[in-house]
Structure formats: C-alpha cells, structure tokens
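Take a look at the assembly shown here. The report below goes through its contacts part by part.

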Protein chains: 4
Amino acid sequence: MSDIRRRRLPRPVREQLIIDAAIGVFAKRGYHASSVDEIAELAGITKPMIYLYLDSKEGLFLACLRRETERLVTAFRAAAGPAPSPELRLRAGLLAFFTFVTDHPDSWVVLHRQASELSPAIAAELAQSRQAVLTEVSGIVRTCSTEGAGPACAEDEADFVAYTLVGAADSLTDWMVLHPDEHPERITVRLMNMVWVGMRNVLDGEVWTTPAGEG
Amino acid sequence: MSDIRRRRLPRPVREQLIIDAAIGVFAKRGYHASSVDEIAELAGITKPMIYLYLDSKEGLFLACLRRETERLVTAFRAAAGPAPSPELRLRAGLLAFFTFVTDHPDSWVVLHRQASELSPAIAAELAQSRQAVLTEVSGIVRTCSTEGAGPACAEDEADFVAYTLVGAADSLTDWMVLHPDEHPERITVRLMNMVWVGMRNVLDGEVWTTPAGEG
Amino acid sequence: MSDIRRRRLPRPVREQLIIDAAIGVFAKRGYHASSVDEIAELAGITKPMIYLYLDSKEGLFLACLRRETERLVTAFRAAAGPAPSPELRLRAGLLAFFTFVTDHPDSWVVLHRQASELSPAIAAELAQSRQAVLTEVSGIVRTCSTEGAGPACAEDEADFVAYTLVGAADSLTDWMVLHPDEHPERITVRLMNMVWVGMRNVLDGEVWTTPAGEG
Amino acid sequence: MSDIRRRRLPRPVREQLIIDAAIGVFAKRGYHASSVDEIAELAGITKPMIYLYLDSKEGLFLACLRRETERLVTAFRAAAGPAPSPELRLRAGLLAFFTFVTDHPDSWVVLHRQASELSPAIAAELAQSRQAVLTEVSGIVRTCSTEGAGPACAEDEADFVAYTLVGAADSLTDWMVLHPDEHPERITVRLMNMVWVGMRNVLDGEVWTTPAGEG
DNA sequence: GATGAATGAGGCTTCATTCAT
DNA sequence: TATGAATGAAGCCTCATTCAT
C-alpha cells in the first residue's frame, strides 16, 4: 500500500534512480548511442525531469561517472587499507576490484570502456576517474619493493607497474565473462601469482636480459 | 599534367584513401560521433563515392577494422615467428606490438578503444579482431610452460595469461603517451621482467598462497 | 520582525510585484523569449502562484499591458488636459510622453516594441493600447487647426497627424538613448518646432506642391 | 513541361526561394514564434536544406535582413539620388519608401518590427540595417537647411530630423493599412507638407518658444 | 497563501542515406 | 568515375502548464 505507484519521490531519491537507469543504458550502448529518451523510460519518468535534475546528457553522464568512481575507490580503499603487508594489501585491492566488477559490471563499463569520442568535459572527468584508480594502485605498489628504493625513480617504476596491473585486471574482466564459474578469489590469486615476483624485480630495478646465446 | 587534381583514381586506390581518412576520423571521434561528411571531406571526395565503394558507414568501419587487424597480426607474426625460443618469441611479439602502436596510434584506437555501443555486425567483427590478437599471444604462451602440461588445462591457463598480457600491453600504450621518450624496446624489456617468471608459475599450475601467519 | 522574508503577502500586493517583474523580463527578452520561470524567480515566488493569480503567460502579459497603458494615458491626460491652448496641450502631452519613457523605459518597450508574433488576444489588446495613445493625441490634434474645418475630413487629417506624431516620438526614444544628456524638455521643443507649423497646414487642407520648375 | 515539379533547383535559386518563404513567416509570426518547419513547408522543401544552405534559424533570419535592407536602400537611393534639389530628393525618398512598404509589406515588418528579443548577432545586424536607412535619410536632410550651417551642430540636428522622419514614416505604414485607398504619392505629399517647413527651422537652429502669455 | 514534483508538446539541429545527372 | 540536390528519422533540449500537498 505504501507504494502507490512510486510517484512524487523526493529529489535525491529520483536522482539516484535516474543515475541507476543511465548507467545501464550508457553501459549497453555507449555514450553517443544512448538516448535520453531511453534512459527516461527506464527510470520511469519523463525527459524534462532529467534535464531539471542533471542539466544535460553530459551532466547526466558526469553524475554517473562520479558516483561510480567514488564507489569503486571506496571499496578498494576499504579492502586494501587495513591489510597488514604490501602483498596482502595488493591482494585485497585486486579482490575488491574483481568483486566490484562482478557485482556492478555496468559501472565498470561506464567507467573504463567509453570510447575516445567524448566532449572535453567528459574526457577530463573520465581521465580523472581512471587516474583515481591508478593512484590507489600505484600507492600500494610503491610500498612493495624489496628494498627502500630512491623515491623519484621508484615513482616511475610504480606507475609502470600500476598501468600494467590495471590493464591486466581490466582485460581479465573480459576473461571472466567467458568463465562465469571462476570466482573473484581465484582470479585474484592467479594474477598475484603472475605478477608478484616480477613486479618486485621491476621495482628493484633489475633488468631482464636477452637469454645468453640469442638475438 | 600530373596534378589534374588526382581525380578519377582507380577504385582500389580510392578505397585505400577512403579507409585512411576514415581511420583518422574514427580514432579521433569514435564511431558514433564520426560523420561520413567529415570522412568524405578528408578523403577528398563526395559522400556518394563512399556509399558506392563501402556500402554504408558500418561497411566503412568494418573495412578499417579488417585492414588494420591484418596489418597488426601480420607484423606480430613476422616478428614472433622466426624467433628460436618461446621467451624470445614473446619478446619479439611484444616489441612488434609496441612498435605498431607507436607507428599507427589511430589504428590501435580504432581496433581496441571503441565503446560498447556498436551494432551487432561491428561488435562481432571487433570481437573477432581482438580475438585474433589474443590467439596469437595465446599461441606463443602455450609453448612457454616449463613442463609439458596437460593440454585442456594448459589452454585455459594460457588464455588467462594472454588476456593479462594484452590488457597490460594495451594499458601501457597510455603510459607511453605520458613518457614519450621511452622506446618500445625499453617497455618490452620491462614488461618481460614483470611477467616472465610469474607467467610460468601460472602455466605450471603453481598456486600463490597467503603468506604464512596472515589473513 | 519585518523581514520574515515578506512571505504571505496579500494577493493584490503580490500581483503588482509579479507584474513588475514581468515587465522587466518582457522588455528585455520579448514576449516569446521570456520564460515564466525567469519571471517567477525575479518576482521571488514560484510558478504556480503566477498561474493562480494571472491564469497564463498570456494573462500575465495582458495585465502588464493594461497597467502600463493606463499609467501612460493617465500621465498624458494629466499633463495635457489643463493646458490653456491647443499648442500648449500638445506640448505638454509630448513632454509627458518623453518623461514617461525616460522614467519607465521597460514599460514603453512592452507597450510598443513587441513584434507581430503575438496571439490574437494579445494582438487585440496591444492594438487597443496603441489606439488609446493615438486617441489622446488625435483628440488634441483635432483642436489645433487654424480654422474650424469640417469634422469628417478633419478627423482623417487629425489621425494622419497623430500617427505621424506618435511614430516620430517613438522613434525619438531611440535617439534619446544615443543622446543621454538631452532632457525631455529639449526634445519636446525640437519636435514642436519641427511639426507645429506643418501640422496645421495639413489640418487646414493645404497641399504641398512640387516646387515650380522641377520634377 | 519545363516545370516537372520544380525539383532539383540550383542552389542560388533555392536559396532565394527559401528566403522568400522565410520573410513571409517571420513577418507573420515574428522571429521566435516562427518555426523552421513552417518555413520549409512554405518553401516547398525539407528542413535539412535550410540548414545546409543557411546554417541555422539565425543565419536564415540574417539572410532575410541583408537581402531586404539592400533592396530598400537601393530603391531609396535610386529614387532620391537623381533629384535636383534637397526638397525633391526628400520627397522622392519618402515616396520610394512608401512604395516599397506598399509593395513589400512583409519585408518592412521583418526589418523594423522585430521585438527586442533577438540574439546579439541578429540585434547587431538589425541595428545596422536600421542605421542604413537612417543614414540615407540623414544624408539628404543635411542638405536641406536654408543656410549652410556649421557641420558638427548640423549633424546632430540632421540626425534628430532623420529619426523623426523615419519614425513618422514607419508609423504611417500602420495608417496606410487603415486607409488602403491612399496611394504612396498622397501620403508622401502630406508628410512633406507636415515636416518641410518645420524641419528647416530645426536645422537652422531656430527655437520654438512658448507662445507669449502662456505656460 | 505557497510549493516541489512532474509532464505533453514542440522546437532546433544533425545524420546516414539516396536520387538524378 | 563522380557529384550537387534532397530527405526521413531521430536526438537534445525547453517551455507552458498542472498536480498533490
């Protein structure tokens, strides 16, 4: 009885419902191919409400970006922060990431799979969003080197490792779609296996050399 | 005489010019935000020619995809194929990739940075294109395990590693933009350093375990 | 106590405040380009109040028209009525007009500078408003002829003169903007200088003829 | 046979037809209340053609403004230029004006009866258009003073007179609508009668004074 | 007396695509 | 081989107006 057609909701509630709907459509179609009409219909209201609350299609997309970036970063920090060692922090962060992507696949698509076609304002926000993720990862990575390496050099190396990790994790979200039975835990363990040793090599400045006797 | 404005070119030549122009525009704006008008102007002809030769905007995009996929796979194979060991094949392949991206950044954007917004036909072709890259990598990876592991299992593991590698490499193309002085060779070495050891652990089925006394 | 934010004003007061705001917006933007939203905001209330009190955007504009027409006509009559001779009545009327326009430029813009784009109801009211002004002027003009000319004919001539005068005066309001130091008195005198003699010629039925030996 | 549905006209021809239609609609409804749809329908084509040729609604309006301003100014000059005396030049100019308005009433409405609601670009063009008319009139007026008065002062006076004349003439176009049997010649003569003498007083710097024994 | 929530309708603009030459 | 002319469809956005409290 309390849901007499969920009409006349207070603004903050409506806004979240609109953003929910928008994420779904933006993820499915991409920014340009999404129509505000479809988002409005999915949200159960009419277009003018979207423009009243979120200003424009661009404003709507930015709102999605901001909300989901915050959610992801929060989840990542909450998981990685309390862990007692660099190794476990990285493991916890990766697990949080794969869990987030498993639970909110649309959000991840909206955050990281938009093409290069976006307006300056959106491109800036998107870059910032991606940077926020990289910053979290890089922060952990910097604490992972065996020795306490020099700061400037270490920063560059840590960035390199962070890009590698984020790219690998992103790509593995596609692999997950092909292996729906694999749990985030398993994937995390495998990725750790794959990068943990080599990552520290890189951070410590060790250099791979062409095997003896070859090209 | 030679500058009768290069009108009346034979069809195959025109087609390549059109595809050249299209890749530039698609990379800059993304599929949906690109207009056939702009591509026609950049190619120096009128729209009806595009429709006559490539059928539709979709057909034009597919042509771009196919040509560039073939170029990339060919470069990869030419580099990796002749190398005498798995390690060197992987190294050569990665180097070929980073070199390709450095030389043809637009092509890579068109191939791997298009949003999820595309029509079924395009989405299929794009998946196939990405799969072609993954197949090459996976093929090499499968020869890298220390022991000759069981085939079925190995295939899955090799795929996992391939997704990781392609994702890492893709992401590192962004890192390259921020570090324009780093050459493909340097990046390849670093990436090898980072994954070579761990990759073989994964392929050999070794399992990372939570460090003793934690979690 | 007096600044409980002036909420809950009695209806007649609120109505005047709304009309004040509306005149400003209508003058600045024109009828169609004005939005009820902007008027409501400027008036310090919400849109439903405007609809409650003035019925519609059209009703609001009509209310502006009526109030300002009455103000202008009243000012004109008060000035022209008591003067002892036709000449002085006309002079006083013109002075009242230029003074009104100086003091209430928005009102005059709303009254006489709206495009032809208005709804029938508004167009009718606007025509009536302009006619009210013309009627005042024409009434004075009719008393200005030297001789007591025949009525029917005189009426037509007086109308002609009235249109001329009102058009001239209207146009001079633009001239005033370019010459902000000129006072209404000076302009009135000049306009009188320019039309007084010829006006009476026209009213007396004298006909200008092409100068001898030309055309 | 040559008019197999007037389709596929060359661009310059189509453009003029579009402008013709636009003037009609803009005059009837005003800029804001006019819809590009209606203009397209009246022009016998579809909207995209309008945008292809004239860029935007604003561009379309500007094209109307420019074409009609040029026509009016040309007609005015052609009439006034050759006349042998100031008086006759003014008379010829006024006659050309009233003839133009009679023949192209929509053009005049578009040129001088648009409200204050227009975009900066349009407002600027409109001001320029009105100024062009005033400049023509003012140029003639300046030659009308009895004596050769001082230039600077004379310029100001001439402007005053020009504003008066243009305003009077504009207003009389409304009067003409109520008196459809009056020909431009008659109106011109009357207006000359009304202003010729007084105008020269003003230009010569004579000052009207309140009649003795009054005020 | 006053308002926050909501909408139907319509306007400007652009795009992929085709026709006739 | 090549193009100027033309369009159907659809998208973003805004506005006057009303409902429920």
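## DNA strand E

In this predicted model, 58% of the atoms of DNA strand E within 4 Å of the protein belong to sugar or phosphate. The rest belong to bases. The strand is surrounded by 39 residues. The closest are A:Arg8, A:Arg14, B:Lys47, C:Arg8 and D:Arg8. By class, the surface near DNA strand E holds 17 nonpolar, 8 polar and 14 charged residues.

Several helices take part. Chain A supplies at least two residues from each of H1 and H3. H3 of chain B, H3 of chain C and H3 of chain D each supply at least two residues as well. Some contacts reach the bases. A polar side-chain atom of A:Arg8 sits 2.3 Å from a base nitrogen of DNA strand E. For D:Arg8, a polar side-chain atom is 2.5 Å from a base oxygen of this strand. The backbone of the protein also plays a part: a polar backbone atom of D:Val36 lies 3.0 Å from a phosphate oxygen of DNA strand E.

## DNA strand F

Now the other strand. DNA strand F is surrounded by 38 residues. Here the closest are A:Arg8, A:Lys47, B:Arg8, C:Lys47 and D:Arg8. Of the strand's atoms within 4 Å of the protein, 57% are in sugar or phosphate, and the rest are in bases. The surface near DNA strand F is made up of 17 nonpolar, 8 polar and 13 charged residues.

Helix H3 (47-54) of chain A, of chain B and of chain C each supply at least two residues of this surface. In chain D, helix H1 (11-29) and helix H3 (47-54) each do so too. H3(B) gives the most, with 4 residues.

Individual contacts fill in the picture. A:Arg8 places a polar side-chain atom 2.5 Å from a base oxygen of DNA strand F. The phosphates are met by other residues. An N or O atom in the side chain of A:Tyr51 is 3.0 Å from a phosphate oxygen of the strand. A polar side-chain atom of D:Thr46 lies 2.8 Å from a phosphate oxygen of DNA strand F.

## Chain A against chain B

The protein chains also touch each other. The contact between chain A and chain B takes 53 residues from chain A and 55 residues from chain B. Together the two chains bury about 4500 Å², with 63% of it on carbon and sulfur atoms.

There are 2 salt bridges between chain A and chain B. One of them joins the side chains of B:Glu157 and A:Arg190, at 2.8 Å from N to O. The polar contacts between the two chains come to 5 residue pairs, both residues being at pLDDT 80 or more. On the chain A side, helix H1 (11-29), helix H5 (86-103), helix H8 (151-178) and helix H9 (184-203) each supply at least two residues. H8(A) gives the most, with 15 residues. The side of chain A that touches chain B has 27 nonpolar, 13 polar and 13 charged residues.

## How the two copies are related

How is chain A superposed on chain B? A rotation of 179° with 0.1 Å of shift along its axis does it, at an RMSD of 0.2 Å. The two copies are therefore related as by a two-fold rotation axis. The same surface serves both copies. Of the contact residues of chain A, 100% recur in chain B.

Technical notes: Residues numbered from 1 in each chain as written. Chains lettered and ligands numbered in written order. Predicted model: local features only at pLDDT ≥ 70, side-chain atom pairs only at ≥ 80, totals over all residues. Heavy atoms only, no water. Near = heavy atom within 4 Å. Polar contact = N/O pair within 3.5 Å; in protein donor to acceptor, adjacent residues only side chain to side chain. Nonpolar A, V, L, I, M, F, W, Y, C, P; charged D, E, K, R; others polar. Contact = heavy atoms within 4.5 Å. Buried area = accessible area lost by both parts, 1.4 Å probe. Salt bridge = Lys/Arg side-chain N within 4 Å of Asp/Glu carboxyl O. Least-squares fit on C-alpha atoms with pLDDT ≥ 70 in both.
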